[in-house]
Amino acid sequence: MINKLLNKGWINQILHPSVSDSDLHERLEQARQQLPVPVFWLLGKTQSGKSSIIQALTGSSRAEIGQGFRSCTRQSAVFDFPNEDTAFVRFLDTKGLGEVGYDPSDDMAWCQSQAHLLMVVIKATDHELDGVLSAARSVRTAHPEWPLLVIQTCLHEGYPSKATNHRHPYPFSGDQFDSHTPPDLVRSMRVQRQHFKALNAHYVAVDFTQADDGYDPAHYGLEALWSAIESALPMGLQHMLLQNRLHTDQLNDVYAQHAYPHVMGYAISAGLLAMTPIPAASIPLVIAVQGKMFHSIASIYGVSLTKRSVYEVFSAVGIGGMSIGFGARELAKLVPGWGSLISGLSTAAITYALGMTLCYYYAQTQQGHAFTAKMIKAVYEEQLQQGRELLKARFTQKSAS
Ligand SMILES: Nc1nc2c(ncn2[C@@H]2O[C@H](COP(=O)(O)OP(=O)(O)OP(=O)(O)O)[C@@H](O)[C@H]2O)c(=O)[nH]1
Ligand SMILES: [Mg+2]
């Protein structure tokens with residue numbers, strides 16, 4: 001009986017959240033202060049390849065990136081991924097760098113309380129680096145704790161001819177480039193690295209081309225870029241961004257791929273909200289985030305969210321899943337200081353699993369496949385495991401600030 005009542009209340013709140021958008025927005029902003037969203041600060045001249053890096057890392061299209069930027073300081077814009085409310089990674093694009101006398105202090109102030117990775121983006125053949133260098137120096141002096149990654153782009157512009165292809169395996173991992181790498185390019189990259197030496201930078205070389213440029217692969221060096229990011233900020237971001245984690249057969253439709261980062265964003269938001277010192281107060285907020293997630297998934301699948309679909313998913317998952325992680329508070333008490341992080345993680349993982357299970361439900365309905373409550377439950381259990389794995393690093397590690 002109690003379960004039935006809870007189900008009903010819950011489902012209604014999912015369908016019609018009792019928290020206003022502005023309230024939720026405000027509470028999320030507060031909650032994010034505990035575990036700030038990592039910001040990748042892209043410092044580079046115009047046309048150096050900054051947007052292409054965002055595109056390669058997030059899988060967003062050029063148009064999505066173009067439309068997604070919002071101004072945040074006089075000279076810079078920020079791209080929130082997957083969107084402003086559920087962002088779990090932010091890219092700061094310093095537009096002012098092309099101007100004479102760019103002063104990074106506004107941008108530094110904006111970044112102040114956030115976890116950071118400074119990415120200096122330069123074309124591998126560019127040697128007019130004074131502006132970038134002096135900006136990088138100022139940031140480095142003020143914030144020696146922010147890791148610095150120098151990304152050398154557009155490698156093929158340094159190849160001897162159009163017929164030259166990328167080297168395989170990727171030869172730019174260490175400082176010793178292999179002897180078959182085009183010598184002019186190697187010389188150019190070495191000179192650039194020399195300039196940044198005093199700044200204690202790490203380096204990656206990439207060539208993010210368009211499919212019709214004919215280079216293989218189009219995103220050359222992406223893996224190396226990811227591993228450099230992961231060693232600088234070990235937060236497991238790569239798997240949180242990359243939709244191709246969805247290798248389960250049941251969840252490989254394009255809608256689920258598209259929904260994936262949104263589900264991740266909502267899951268992290270729910271987890272952050274659950275980390276409050278007054279747990280009871282966070283329950284309606286967590287449900288409101290889950291409600292928004294359900295509506296957003298439905299709209300990705302081109303349907304409207306019905307009571308029936310929510311009911312079918314929730315009843316298949318069972319009351320265990322519905323307790324959205326508040327049971328973890330018992331466990332949390334046993335681990336002083338980590339309690340709120342653990343309940344944040346379990347709420348996030350459960351929210352993630354609910355989201356992916358709804359994707360499965362819609363995919364099956366849409367494709368006309370027969371499915372049972374048992375199958376839904378199995379998907380949920382599997383996604384719960386996956387969610388815990390994916391989100392662990394985000395919730396158990398204080399990010400550098
Ligand atoms: N071949 C190659 N082309 C690249 C690479 N990165 C960027 N480009 C191309 O260079 C041009 C500029 O790249 P963007 O990523 O838009 O550069 P940006 O720094 O964002 O430029 P602004 O937004 O104008 O400041 C585009 O035509 C890209 O397709 C790269 O690594 N290799
Ligand atoms: Mg750009």
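Which helix and which strand each supply at least two residues of the shell around ligand 1? In this predicted model, they are helix H3, residues 50-58, and strand S8, residues 207-208, and the close-up views below begin with that site.

**View 1. The shell of residues around ligand 1 in the predicted model.** Ligand 1 is surrounded by 17 residues, of which Ser 51, Ser 52, His 156, Asp 207 and Phe 208 come nearest. Helix H3 gives the most to this shell, with three residues, while strand S8 is the other element named here as supplying at least two. Sorted by class, the shell around ligand 1 holds 10 polar residues, four charged residues and three nonpolar residues.

**View 2. Backbone atoms that approach oxygen atoms of ligand 1.** A polar backbone atom of Gln 47 lies 2.9 Å from an oxygen atom of ligand 1, and a backbone N or O atom of Lys 50 is likewise placed 2.9 Å from an oxygen atom of the ligand. For Phe 208, the distance from a backbone N or O atom to an oxygen atom of ligand 1 is 2.8 Å. Ligand 1 taken alone exposes 640 Å², and the protein buries 80% of that area. The space that ligand 1 takes up is the largest pocket.

**View 3. The backbone at Gln 47, in the loop between strand S1 and helix H3.** Gln 47, whose polar backbone atom is 2.9 Å from an oxygen atom of ligand 1, is placed in the loop that runs between S1, residues 39-44, and H3. Its phi is near 65 degrees, a positive value in a residue other than glycine. For comparison, most residues other than glycine have a negative phi.

**View 4. The aromatic pair of Phe 79 and Phe 91.** The count of aromatic pairs comes to 16, and one of them is formed by Phe 79 and Phe 91, with a centre-to-centre distance of 6.4 Å and an angle of 40 degrees between the planes, a tilted arrangement. Because Phe 79 lies in strand S3, residues 76-81, and Phe 91 in strand S4, residues 89-94, the pair ties together parts that are 12 residues apart in sequence.

**View 5. Two cis peptide bonds that involve proline.** Phe 81 and Pro 82 are joined by a cis peptide bond with omega of about 0 degrees, and Pro 82 lies in the loop between S3 and S4. A cis peptide bond also joins His 168 and Pro 169, where omega is about -5 degrees; Pro 169 belongs to the loop between strand S6, residues 148-153, and helix H7, residues 183-196.

Methods: Residues numbered from 1 in each chain as written. Chains lettered and ligands numbered in written order. Predicted model: local features only at pLDDT ≥ 70, side-chain atom pairs only at ≥ 80, totals over all residues. Heavy atoms only, no water. Near = heavy atom within 4 Å. Polar contact = N/O pair within 3.5 Å; in protein donor to acceptor, adjacent residues only side chain to side chain. Areas by Shrake-Rupley, 256 points an atom, 1.4 Å probe, with all protein chains shown as cover. 1 Å grid on protein atoms, 1.4 Å probe; cavity = no way out; pocket = protein on both sides within 12 Å on 5 of 7 lines; lining within 4 Å. Sits in = over half its atoms within 2 Å of the grid points. Helix = DSSP H or I, 4+ residues; strand = E, 2+ residues; numbered from the N terminus. Nonpolar A, V, L, I, M, F, W, Y, C, P; charged D, E, K, R; others polar. Phe/Tyr/Trp six-rings, centres within 6.5 Å; stacked < 30°, edge-to-face > 60°.
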